[in-house]
Structures are given as C-alpha cells and as structure tokens.
Amino acid sequence: MAWLVAVEGDLAGRRFSLDAPCLVGRGPYNHVVLDDTRVSRQHAKVSPEPGGHVVYDLNSANGTFVNDVQVKRQKLTTNDVVRFGPFTFKFESEALDRTGPIKVGKFMEVHTLVGVDPPSKIIDSLDASLASSPGVAHDLQELEDADRKLRTLYAFMQSIATTLEQGELFERILKNLLDVFPAAESVAVYLRDATSGMMEPRKVMRRDAGPPSLSTLPGLFHEEVVQKGRAILSAPLTPSSKHAGGLSMHAPMIFGTEVNGVLHVRSADSSKVAFNQSDLDLLTGLASQAAMALQNARMHAESLKQQRLQQDLLLAEQIQKSFLPQQLPSVEGIEFVTDYRPAYSVGGDFYDLFWLDHERVGVFIGDVSGKGVSAALLMARISSDLRVAALAESSPARAISRVNQAVLERKQHDIFVTGIYLTLDVKTRQMTLANAGHLPPFIRHKTRGELERVEGGSGTAIGIFDEAIYEQTVLQLEPGDTLVLCTDGVLEATDELGEQFGFERLELSLSSGSSRPKDVAERLQRDVREHVGDAAQYDDLTLIVLGITGEALAPGRARRRDEPTQTVKKI
Amino acid sequence: MFQFERTEREGVTVLTLSGNLDAATAGGLKQEVIALSELKTTRVAVELSKITLIDSTGVGVLISLFKRTRAQGGQVHFAGLTGQPKEIFRLLRLDRSLDLHPTLDEALTKLKG
C-alpha cells in the first residue's frame, strides 16, 4: 500500500491511494485533479511497479520534482517529497515501518502517527463498497460525490421548502427523486398511519407513469428503517457480487427522534446494480430534508386548523350570545340581576328571562353537560325549544317535559341538560317552578330571616328518559325576599388544593350581608373568586338573582314597565 | 387518576370504574361505551364504589352508556355509588330513574333475573 499525501494548500492532509496507476493533472479525468494553470492537463503518472512506485513526468510544461530535483522518471522511496507545479505531496508506503530510524521533526511526527494506523478507514470502506474499478483514487470520487450531494441536497431543499401544502410537497419530493436517481423506476413516500402505526404509501410515482402499486411497508423494512432508523440498500445482484449495491433503497424521514415517514426508490432493471452506498447516503440526506419540510407543512396545517377552530368558536360565541336575553324584563318592585361567565369563550350554561303575557315572566337557567362548541350549539337549540314550549304550555313542568322530548329526538347520547324553569306572576309574586336535575334554587326570606333550599318540583335532568315525569312547586315570594338560581359551576368552583366551593360556602355567602339582588350576586362572585384563587376557571358560572324590592308596594300593584311588543324574541 | 376494567360475569358485562371520572379522564371510557354499543351488549353492570369524584362530562358518559344500551333493548344497572358521585346522582335526580344498587352482587342478581 502506498499513498500520495498532500502537504500544502486546500488539499493538505488528503491521501490518494497509489495501489493502481494514478494520473495527476488539471484535466477532470485524472485521479488526482489539480486545478491550477501551472499544472498540465495531463501532468504525471505514479505507477506501482515490481521494484516499487515510480513517478513519470508526462511532458508537463512546468515539470515534476522529487526532493526538489526535476525528474522524468524516478523511483520513489518513503518520505520523498513530490511536487507537480505548485502542489507538494509526500510519498508514503507501508514499508515505512521497516525503514529504520525516522528523522526528527514536526512533519515526521505527523507522519509517524499516520504510519501507526496505515490505511484510512474511509478508503478501506470505499474500496469494499464502491462499484468502481479497483485502483481509482477514491478520495477524488468521494470529493465529487460530496459536491454532487451538496448541490443535489441544496436544489432539493429549494424545491420542497417553498410549499406548505402536503400533497404538493409529496409531488415535489418524488419528482426530485426521479431526477436525482436516473436508475429509479418508481419512487414512493410512506407516512405513518395514525391509528395502525404502520407506514402506509402516501404517494407513489413511476417514471413510465404506469399504475403505481400501493402497499404497506413490509415488516422487514419497517423494523430496520422505521424502528432502527437505518437507511437500507436491498436486493443485491448476486450473493457473490463483490460490489455492494442494490435495486432498491429505503431511507427513514427522521424529525427529532421520530421516524415520521420513509422514502423509497426502486429500479426496474434487475440485471444490473442500480444504486450504491453513495446513492443511499444521498437518499438519506434527502429524506432528512423531506422530514423537515413535512414537519413544517404539518405545523402549518395545524395552525390553519387552529385558526378555523378559533373562527368556529367565535361564531358559536356569537350565536350563543344572541340567544341570551339582550334586555331583562323590567318590572316595578322586582329587580333582576344576571351574571354569566363561561369558562371558555363559549359555554354550556345559559339562561333566559322573557315575558309570557302581561303578568307573567318566564325565567330559565340551564347547563348543558360538556363544554365547547357542541354544548353551546345544543344550548342555542334548547333555548329556542324552551321558548316554544313556554308559550305553548303555561305549566312549567309540562314545558320542561316538551323540551325533554325535543332533546331526546335529537339522539345526542352523551349530552344531557339540567335546568330550572319558573314562571313568576309579577302581581301576586307567586312563582311556579320545575327543576330538571338542576342545583336547587335558594330563597332568602326576609321575614322568616332564613335561607331556604327549594327541593320541591324536582325531576330528572333533560335528555335522559323518554318517560321522565316532571313536577312543579308553587312558592309565594314576599317583599324583601331574594331568589337565587345558579349553575353548578358555583358549587364546583375548585381551589388549588382541589377543594370545591360547595353548599356550605354557597349558603353562607347567600345568607350574609345585604339581600339586595345586586349585592347578593356581587358577594357570591367575590366569594367564589376568593375561594378559587389562582386556579383556572374550569366550569361555566351563571347566576340569576331576583329580588322583590318594592317593600312599600301593595301586592297586586307591580306592573310591567317595558313594551309588550318584545314578548317573543326573534329566534 | 381514572381507570376502568371490563369483565364478563355470568353473562353480564361488568364495568368497574375507579378514580376521578371527569372531562380530563373520560375519553377512554367514552370509547369503551361506543365499543360496547357496537357489540350490542344488552346487560351491563357498572361498579362505581371506587369512583371518588365525577363531573358532568363523567355523568354524560354514564348516561350515554345507559341511553345506547336501552336503545338496543338492553339494560344498565349501577352499583356502589357513594360520596360525591352519589350526591351528583341525587342532584340530577338520576337516583329516581336509574337502577341503583348498593352492591355489585345486587345489581347482578337484578340483571340475571
């Protein structure tokens, strides 16, 4: 084994094998290409001969020098310094170890080190793997390969980085692969199927535009390429072939630590080697670029989806808001306060207050199980169901029963609704109330000085049973009394330790301080907020407080102040 | 932490639930309920004694199991409700309309009878 080792300039340190005759010159066909006008097109040749390596000057313009002596033909010995024009090389041979004492000096130290580990491993592996004629200075080919690879990778990246649409991205990846690998007959991109976890062909392209075959990545490839993340060259010509090569290549598309796809390149002609290790290296590089581009495209798609989701939410929020009463009934001697705080921009809670006729106000509070857009939309529909039912049935229990039927007809199995519907006669202050599985209402009685939890008139939540029977209860409100309806977001408001607000705190809050509706609502909101602290609001929180304020007003004198033409809101 | 297990006992499908069944944890059970309804399961007992907390989403999943099974002519019985979940069932007045039993054995006896 022997080498020319470049000692200066851009090539410094590069080793060129001399196991076969080696041409040196400016022309691209040389084994050692020296790109300088002072080097002749075909400058010199170094040949292994029985007596050792010999350098021949091939009538170069500027000559070949060995140890600074111009030569035409010269036998080389280890450590000879060989110069072609401005390029200086050192001749090394494996005989080095046996050539006696080594001259002292920095240069020699380096040399000694190299001599300890004689053949470069890279050259060794290239010798073993490249399908080229033996004896070629492989470093050169490697250099050319590197250059070709870089250019190809760059062009590939330029081509695929400009699209964020996945279909277009795959199209471009495959077109590029057909360009890069002239021997390829069919190319494919496989992506991981979210449910099966298998690599499924996402797009296949054939050079002859024939029908592509589509099948899941076979198990063997899955194991090697996907699980181990290795690129593989498969189907060697014959087992005895001394050149490693193959008919097909698979390379993993690795992003981060995840193999998110596989690139596959296959040749049609099984009579000769189509791809070698260098092609596989290139495909591996392309696959990692493709993985990155795919990740970008996915993130882009995800952000578009997010934007659409945001728009959906916005729309749902608008729909939902349009169903909440824009204006509360206004009655002399009765004060209504509402507070609505969805946990998200849309919620499952809702309420409604509306005139049924000249003397009666309908009040509804409800909570659709579940959250987000579907709950909000169901809420909107129930809201209109309720208006229809309320006008058709003067009895709250029967109205709720109608709503129950309407919800069941929609067959939304995992959704149910709790709610309270009551009618209040503003003259007699008598109210009739039906409770469908909702948190019971509270009445703070002024005269009795106590807080009553109204357990009567209760039935099952809406949307569960066909045969559900709803009851109603009649209650008389007196001046100074305050009625509180809320959703379970109040009860279930949880602090950072997981402790719920609960009935005890709720009852304490409702029975202390001023009984004016506004004060009661504000106090309850404040108490809940203080309880929750920095914990995130998890559930919607809705409150309706109704107070009989007109203490001096004789019963029967309350009257409606707003216009009766607004009885039914357009829905 | 929420877990569930499906077993077969004397021809009855038994779902044993434990932990907190809420919006954050109900996903897996939701899938199971859909799977059960596709299997056309007609006799289901749900063991709830190890459920520590339930929210409206959790109740929604159980209601969904109940409604789907009933729609196929089957029945679902619930057993072992205690603590907060029992309170919620009471609040929703589900205690009046659902078949609730103190123990799983009692639920199984009813389902087999």
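These are my notebook entries on cores, helix packing and one sheet in this structure, which is a predicted model.

**Entry 1: nonpolar cores**

I started with the largest nonpolar core, which holds 84 residues. I looked for the members that touch the most others, and found B:Leu17, B:Val46 and B:Leu62. I then asked which element gives the most to this core. That is helix α7 of chain A, residues 372-392, with eight residues.

I followed B:Leu62 further. Leaving aside residues up to four places away in sequence, B:Leu62 touches B:Leu17, B:Leu21, B:Leu29, B:Val46 and B:Leu48. B:Ile54, B:Phe78 and B:Phe89 complete that list.

I also noted a second core, separate from this one, with 33 residues. Among them are A:Ile173, A:Leu263, A:Ala287 and A:Leu294.

**Entry 2: helix α5 of chain A**

I checked residues 219-227, helix α5 of chain A, for burial. A:Phe221, A:His222, A:Glu224, A:Val225 and A:Val226 are buried there. I traced what these buried residues pack against: β12 (184-192), β13 (199-206), β14 (232-234), β15 (248-255) and β16 (258-267), in chain A. Just past the helix, I found A:Gly229 with a positive phi of about 65°.

**Entry 3: an open sheet in chain A**

I read the strand order as β17-β27-β26-β22-β23. The sheet is open, has five strands and pairs antiparallel. Why do β17 and β23 each have one side without a neighbour in the sheet? β17 (334-341) and β23 (450-453) stand at the edges with a single partner strand each, so one side of each is left free of a sheet neighbour. On average, neighbouring strands are turned by 15° against each other, direction ignored.

I looked at one pair inside the sheet. Strands β26 (482-486) and β27 (541-548) of chain A run antiparallel and are joined by five bridges. A:Val484 stands opposite A:Val545 in β27(A).

Next I asked which strands α11(A) touches as it packs on the sheet. They are β17, β22 (442-445), β26 and β27 of chain A. The direction of α11(A) makes about 155° with that of β27(A).

**Entry 4: helices α10 and α11 of chain A**

I turned to α11 (517-532) and its contact with α10 (502-511). The two axes come within 9 Å and cross at roughly 145°. The crossing is right-handed.

From α10(A), I listed A:Arg505, A:Leu506, A:Ser509 and A:Leu510. They meet A:Val520, A:Arg523, A:Leu524, A:Asp527 and A:His531 in α11(A). I sorted the contact residues of the two helices into four nonpolar, two polar and three charged.

Definitions and conventions. Residues numbered from 1 in each chain as written. Chains lettered and ligands numbered in written order. Predicted model: local features only at pLDDT ≥ 70, side-chain atom pairs only at ≥ 80, totals over all residues. Heavy atoms only, no water. Core = buried A, V, L, I, M, F, W, Y, C linked by side-chain atoms within 4.5 Å. Buried < 20%, exposed > 50% of the residue type's maximum accessible area, 1.4 Å probe, protein only. Helix = DSSP H or I, 4+ residues; strand = E, 2+ residues; numbered from the N terminus. Contact = heavy atoms within 4.5 Å. Axes fitted to C-alpha atoms, helices over the stretch in contact; angles between N-to-C directions. Left-handed = near helix turned anticlockwise from the far one by under 90°. Nonpolar A, V, L, I, M, F, W, Y, C, P; charged D, E, K, R; others polar. Pairing = 2+ DSSP bridges.
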